[in-house]
Amino acid sequence: MSTASPAGTPARTPAPGQLTFVAPRRAKPARHLADLTMAERRAAVAELGEKPFRADQLSRQYFDKLNGDPQSMTDLPAAAREKLGAALFPALLTPVRELATDGGTTRKTLWRLFDGALVESVLMRYTDRTTMCVSSQAGCGMNCPFCATGQAGLTRNMSTAEIVEQVVAGARALAKGEVPGGPGRVSNVVFMGMGEPLANYKAVIGAVRRLVEPSPSGLGISARGVTVSTVGLVPAIGKLAAEGLPVTLALSLHAPDDELRDTLVPINTRWKVAEVLDAAWDYAAKTKRRVSIEYALIKDINDQEWRADLLGKLVRNKLVHVNLIPLNPTPGSKWTASRPEDERAFVRRLEHHGVPVTVRDTRGREIDGACGQLAAAE
Ligand code: SF4
């Protein structure tokens with residue numbers, strides 16, 4: 001059903017409400033170890049005239065020791081370090097700004113990519129887990145009107161390694177004890193930063209594999225700790241279900257009726273609420289994973305009790321959890337968070353239908369927590 005043009009087609013300036021699906025043609029980020037499977041890494045080092053086992057050494061250094069600097073990989077001969085470093089460890093992310101809150105346990109980083117594109121990641125440490133929220137695209141072509149990232153449009157897809165590097169950077173900070181709470185590990189990764197993950201499918205799946213594969217292939221994070229969000233690209237949801245990866249699917253629904261969803265989430269003009277929910281239930285059936293329905297509560301837009309009732313009827317008795325998100329308003333925007341009494345009433349209506357529901361905590365608010373706000377400010 002997709003009417004997207006072939007990958008690499010230059011993006012045109014979208015008319016209002018029109019979707020841009022395809023990243024413009026640009027220079028690609030350099031190849032990095034984290035872009036490659038184990039077999040590809042062995043082939044890459046062999047091409048450089050090194051023994052294939054060097055790929056295992058490099059992989060252990062990067063994924064176990066979180067070391068991306070070949071010069072300090074003392075298990076490699078000095079002569080090989082420079083060659084392998086230049087070929088497999090290009091600098092992909094440069095920190096531009098870092099903001100911390102919650103006593104340093106929430107840290108948001110604005111990164112500059114090799115071509116100047118800006119993306120954001122957020123580390124959130126809780127008592128029982130540490131979550132990295134990562135970007136999968138520089139900008140986003142989905143055009144959701146309440147979102148800072150959506151307003152800027154799509155710059156380009158990120159590579160697998162650019163995505164993985166955000167997690168490794170967080171893991172490094174934790175391992176070094178730079179985050180209050182003592183040395184720790186990344187336990188969860190959510191693809192909820194900038195971009196629509198399923199519009200950059202291949203790179204995102206590559207990144208998910210690198211995250212969940214055990215050492216030396218990857219970081220060894222439990223697939224159950226990984227959440228991939230989408231506004232509802234139905235064919236890609238089907239593809240994801242067939243990957244055999246028990247990651248959580250988070251569907252950004254934001255409205256239970258097509259009339260409103262067509263405006264809040266413009267991709268809905270292509271795949272309607274009923275179709276998107278069917279794809280979500282298929283995903284739950286295939287993976288046995290509870291689908292998370294994300295619903296940003298926006299004052300007087302989508303927070304009426306009748307919409308809570310409609311949502312409750314659509315999702316009750318399914319393998320589902322509803323996550324209500326008080327909207328983090330972007331500066332100058334007419335969209336803002338619901339009144340507390342409307343939020344409470346919305347929760348009550350969903351509970352009345354027996355639907356498991358939580359209201360997301362609003363970590364990072366004071367550091368421009370909503371995706372795209374730091375990049376927009378820069
Ligand atoms: S809400 Fe998500 S999908 Fe929509 S424009 Fe923003 S980043 Fe893209």
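**Group meeting: two unusual loops, the core and the ligand shell**

I would like to start at Asn 317, which is found in the loop between helix H10 (305-315) and strand S11 (320-326). I should say straight away that we are looking at a predicted model, and that every angle and distance I quote is computed from it. Asn 317 has a positive phi, near 65 degrees, in a residue other than glycine, and with a relative accessible area of 77% it is exposed. I pick it out because most residues other than glycine have a negative phi.

Leu 66 makes a useful companion, since here too phi is positive, at about 60 degrees, although the residue is not a glycine. Leu 66 sits in the loop that runs between helix H2 (53-64) and helix H3 (78-88), and, at 12% relative accessibility, it counts as buried. One further backbone feature is the cis peptide bond joining Ser 215 and Pro 216, with omega about 5 degrees; Pro 216 belongs to the loop between helix H6 (201-212) and strand S8 (226-230).

Stepping back to the whole chain, there are 12 helices and 12 strands, and of the 378 residues 56% count as buried. If we take the contacts with a separation of 6 or more, 65% of them are between residues 24 or more positions apart.

Where, then, does the largest nonpolar core lie with respect to domain 1 and domain 2? That core has 106 residues, and those touching the most other members are Leu 58, Leu 88, Phe 191, Val 208, Leu 233, Val 322 and Leu 324. Domain 1 (33-88) and domain 2 (93-367) each contribute residues to it, so the core lies between the two. A second, separate core has 5 residues, among them Val 122, Tyr 126, Cys 133 and Val 190.

Beside Val 190 in sequence is Val 189, in strand S7 (residues 188-191), and Val 189 is buried with a relative accessible area of 0%. Leaving aside neighbours within four places in sequence, its contacts include Met 132, Val 134, Val 167, Leu 211 and Ile 221.

Let me turn now to the ligand, around which we find Cys 140, Met 142, Asn 143, Cys 144, Cys 147, Gly 150, Gly 195 and Val 231. By class, this shell has 5 nonpolar and 3 polar residues, and no charged ones. Met 142 lies in the loop between strand S5 (137-139) and helix H4 (148-152) and is buried, at 3% relative accessibility; its C-alpha atom is separated by 6.9 Å from that of Pro 266, 124 residues away along the chain.

Finally, the annotations, which come from an unreviewed UniProt entry and deserve some caution. The "binding site" feature covers Gly 195, Glu 196, Ser 229, Ser 252, Leu 253, His 254 and Asn 328. His 254 is in the loop between strand S9 (248-252) and helix H8 (258-264), and is buried at 8% relative accessible area. Not counting residues up to four places away in sequence, His 254 touches residues including Phe 146, Glu 294, Tyr 295 and Asn 302.

UniProt also places the feature "active site" at Glu 120 and Cys 371. Is Glu 120 buried or exposed? It lies in strand S3 (residues 118-125), and, with a relative accessible area of 4%, Glu 120 is buried.

Note on methods
Residues numbered from 1 in each chain as written. Predicted model: local features only at pLDDT ≥ 70, side-chain atom pairs only at ≥ 80, totals over all residues. Heavy atoms only, no water. Core = buried A, V, L, I, M, F, W, Y, C linked by side-chain atoms within 4.5 Å. Buried < 20%, exposed > 50% of the residue type's maximum accessible area, 1.4 Å probe, protein only. Domains from an automatic or database assignment. Near = heavy atom within 4 Å. Nonpolar A, V, L, I, M, F, W, Y, C, P; charged D, E, K, R; others polar. UniProt positions renumbered as here; feature names shortened; annotations may be inferred. Helix = DSSP H or I, 4+ residues; strand = E, 2+ residues; numbered from the N terminus. Contact = heavy atoms within 4.5 Å.
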